Each structure stands twice: as C-alpha cells, then as structure tokens.
Amino acid sequence: MSGHLMGVYNRAPLEVERGQGVRLWSTDGTEYLDCVSGISTNALGHAHPKLVEALKAQADKLWHVSNIYRIPGQDELADMLCDKSFADVVFFANSGTEAVECAIKTARKYHHAKGNVERIDIYGFDGSFHGRTYGGINAAANPNYTEGFGPPMQGFYQLKWGDKDALTAAFESPTTAAIILEPVQGEGGCRATPDEDLRWMRDMADKHGVLIIFDEVQCGMGRTGKLWAHEWAGMTPDIMAIAKALGGGFPIGACLATAEAASGMTAGAHGSTFGGNPLAMAVGKAAFSEVSSDAILNNVNEVSAYLRQQLSGLQERFPDVVVEVRGKGLLLGLKLVPNNRDFMGWARDEAKLLIAGGGDNLVRILAPLNITLEEAREAVEKLEKTCAFARTKMAG
Ligand SMILES: *Cc1c(COP(=O)(O)O)cnc(C)c1O
C-alpha cells in the first residue's frame, strides 16, 4: 500500500479489481455482492454493456475540447434532461458538489440580477450532505466537515430538519435567497421530507420570492422509484443539483434550473474546464436514457417493495440488531443497535456483501437500479446471515 495518498479516507481493507453487474471482485479473487454501487453511482451495475460501448466509441472520436466551442453531446443531454424534468436550462459540471456550487451561485445571482442584492442567505438543514466544496460544507453545516476549515461563510444558515417555525421565519426574511434540501437525505440517514411539507415549501417560496434548490445528487435519477424524488410530492424546485448516477460511474454533475431562476447566469458568470466533456456526455446520454426508462423505474418499485417487506421481516426476527427500516425506493437504510461500521465489516467479511454507512448509525443498501429479484433475494440472505453473526458478536 502506497504511503503517498492523502489520508482523508477511512478505507475498508478491500482492494478492488473488476466488476460485472451487481458483482465486484477483489484483487485476491473474492466475489462480493455490491449493494454500495459507488454510493448510488453505478446505478446500472458495473460494466454495463451500453455504457462501455458508448465510452469506447467516443474515446476513438474526441475526448476533450474547451467550452469555447459547441459540444453537441451537451445539447443532446441537456435536451434529454429538460424533456424529463421541470428545467429549461442545464450547466454541466464534473461532480455533485460542483453541481451544488453552481446551484447556490445561480440562486444568489438571480436575486442580484433582479436588483434584490440583499437576498444572499442560503438555508440548509441538519443531517444533509452537499459535498466538500466550501459552498457545500457551509450549506450542510455538518461540524464533522467544517471543523478546522476556517470561519463559516457569510450568508449560510442551518435549520433543524422538520422545524417548520424556523423555516417559516427563513421564508419571511427579506434577505433570504434560497433554501437547499435533499428531498430524501442520503448520507444523513435516509430521511424523506413528507410530501405535504415539500408542497408547503413551494407555496411559501412563491409567496415570499425565495428559490428552492433541491440536491438530488443521490436521491434523483430513479433511485426512489420515480425519476426525481420530488415527483412523489407533485411539486418542483427552481434549481436542482444532480450527479452520481447521471453518468453511471463516469464523473459528471449537472445543475438544472428554470429559465427564470437561471436568468442571472449570463456569459462569463460561471464555467468549468472539464464540465460537459465529450466523454462524459456520451456516457451520460447512454446512462440517463436507461435510468429514465419505464423498465428501470418499474424494477426499482418492484424490488423495493420486496426488499422493504424482507427488511421488515429481518427487523422482527432481529429486534436486538435492527431498530428501524427507512428510506424510499432503493435508497434503503437500516438503523442498527450495533455500531454501523462494525456491521458493514461483518457483512463484508462474513457474508461477502457490500453495504454503505450512513448518519444516525445506519447502514444503507444501495443496490443498482437494475438488480434482479433473484439478486435482491441473495442480498437479503446475506443480510440475514450478518444479523445472525451480529447477534453472536453482541452476546460474546
Ligand atoms: C454525494 C453527494 C454530493 C457530493 O457529490 P460529489 O460528487 O462527491 O461531489 C452532494 N450531495 C449529495 C446529496 C450527495 O449524496
């Protein structure tokens, strides 16, 4: 193991070699069932043939040009995204946190362009995650990610998730630019904001001239069983950050907005060297046309119903291990009695099952969206085995 990597990751002792569908192999040849999916990123599993083909074909043609030229793939993917969402315009970035960064800038610039220069305040919520740029960590205000990085940025405030009085005051404040929210929190513990609360936020935002930014980097792209998580509530944001599953594993992010919300983003306001790169656009088009298909969305809902029922069964049989089943679609979480990091290690070593951690002592089961019922059954067996193992560990 090289000692030359910055020590920012708490890595599992697993060196990966290759993947196929929901399977992942380590360099020592061990096969794992991968229900981490690069944290909701490889939504079509590993090495999906359509994505491999799209990448290879583009690699022979053109890798990179500057955004000073027109890149046809950007027009095509932007058309696809706007066809299937509330948005009129798209900015392409390379990651989730850059998409969030663009979203925050778009919101502030909107008010500035309208002459409401005092509207700069951005309200986020506890338990949220918006990536690791300064904008991202200040919007989420999780002390684990902000500590030691200097003073908090001006104009960022955090509300307690579910505190409607505080949120009402935020909407009513004349200096508010936007609120930023994950409709279903990923990292923070698979908490879904109730549909009626999302609709109420839309009404309040309209009434007070505030913008709504959704961070659907994790919960979007079919993960909850609808293409966008906010569709469950029958409302739309003004601005939305997406990434992760958008490229099926290729680095890409995007900030979507209504024409009105993006009205301040004129030439020169923002940019990126690699954002919207031809390779990313080729894979993004292939991945998005799959994840937005009825076949995938139906599969998510079918497998999700099965998994929820099975996970509830596990909770009944192992109340000493599993406290609660949470989440939506295939963004599922188990709140545990034993330490979630221990449980992830047991799943990996004893059952060859890969699952992710999450806030509030959760493990997240983030299967690829095209996982079959048969493979989901296998995942449940492995979870059951892990729960039984956890019981013996906790007793001993
Ligand atoms: C992962 C994630 C991000 C950050 O994405 P990066 O690609 O790591 O920058 C932002 N928001 C949410 C909700 C995420 O899950």
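**Two open sheets and a ligand site**

An open sheet of 4 strands, arranged in the order E1-E2-E3-E13 and with mixed pairing, opens this account. Strand E1 (16–20) and strand E13 (353–354) occupy the edges, and each has a single partner strand, so one side of each is left without a neighbour in the sheet. The model under discussion is a predicted one.

Within this sheet, E1 is joined to strand E2 (residues 23–26) by 4 bridges, and the two run antiparallel. One residue pair illustrates the register: Gln20 has Arg23, in E2, as its bridge partner. Helix H12 (residues 373–395) packs on the sheet, where it touches E2, strand E3 (31–34) and E13. The direction of H12 makes about 105 degrees with that of E3.

The UniProt record, an unreviewed entry, places a "coiled-coil region" at residues 366–393. In the model, the chain over residues 366–393 is 75% helix and 0% strand. The end C-alpha atoms of that segment are 25 Å apart.

A second open sheet also consists of 4 strands, here in the order E11-E12-E15-E14 and with antiparallel pairing. Its edge strands are strand E11 (322–328) and strand E14 (356–358), each of which pairs on one side only. Neighbouring strands of this sheet are turned against each other by 30 degrees on average, with direction ignored. At one edge, E14 and strand E15 (residues 362–365) pair in the antiparallel sense over 3 bridges. Gly357 is found opposite Val363, a residue of E15.

Attention now turns to the ligand. Among the residues that surround the ligand are Ser95, Gly96, Thr97, Phe129, His130 and Gly131. Glu182, Asp215, Val217, Gln218 and Lys244 also belong to these surroundings.

Which backbone and side-chain atoms approach the ligand's polar atoms? An oxygen atom of the ligand is 2.8 Å from a polar backbone atom of Thr97. A nitrogen atom of the ligand is 3.1 Å from a polar backbone atom of Phe129. With Asp215 the side chain is involved: one of its N or O atoms is 2.7 Å from a nitrogen atom of the ligand. Taken alone, the ligand exposes 380 Å², and the protein buries 81% of that area.

Lys244, one of the residues surrounding the ligand, carries an annotation of its own. The unreviewed UniProt entry places the feature "modified residue: N6-(pyridoxal phosphate)lysine" at Lys244. In the model, Lys244 lies in the loop between strand E9 (239–242) and strand E10 (253–257). When neighbours within four places in sequence are left aside, Lys244 is in contact with Ile39, Ser40, Thr41, Val217, Gln218, Gly249 and Ile252. Of these contacts, Val217 and Gln218 also appear among the residues around the ligand.

Definitions and conventions
Residues numbered from 1 in each chain as written. Predicted model: local features only at pLDDT ≥ 70, side-chain atom pairs only at ≥ 80, totals over all residues. Heavy atoms only, no water. Pairing = 2+ DSSP bridges. Contact = heavy atoms within 4.5 Å. Axes fitted to C-alpha atoms, helices over the stretch in contact; angles between N-to-C directions. UniProt positions renumbered as here; feature names shortened; annotations may be inferred. Near = heavy atom within 4 Å. Polar contact = N/O pair within 3.5 Å; in protein donor to acceptor, adjacent residues only side chain to side chain. Areas by Shrake-Rupley, 256 points an atom, 1.4 Å probe, with all protein chains shown as cover.
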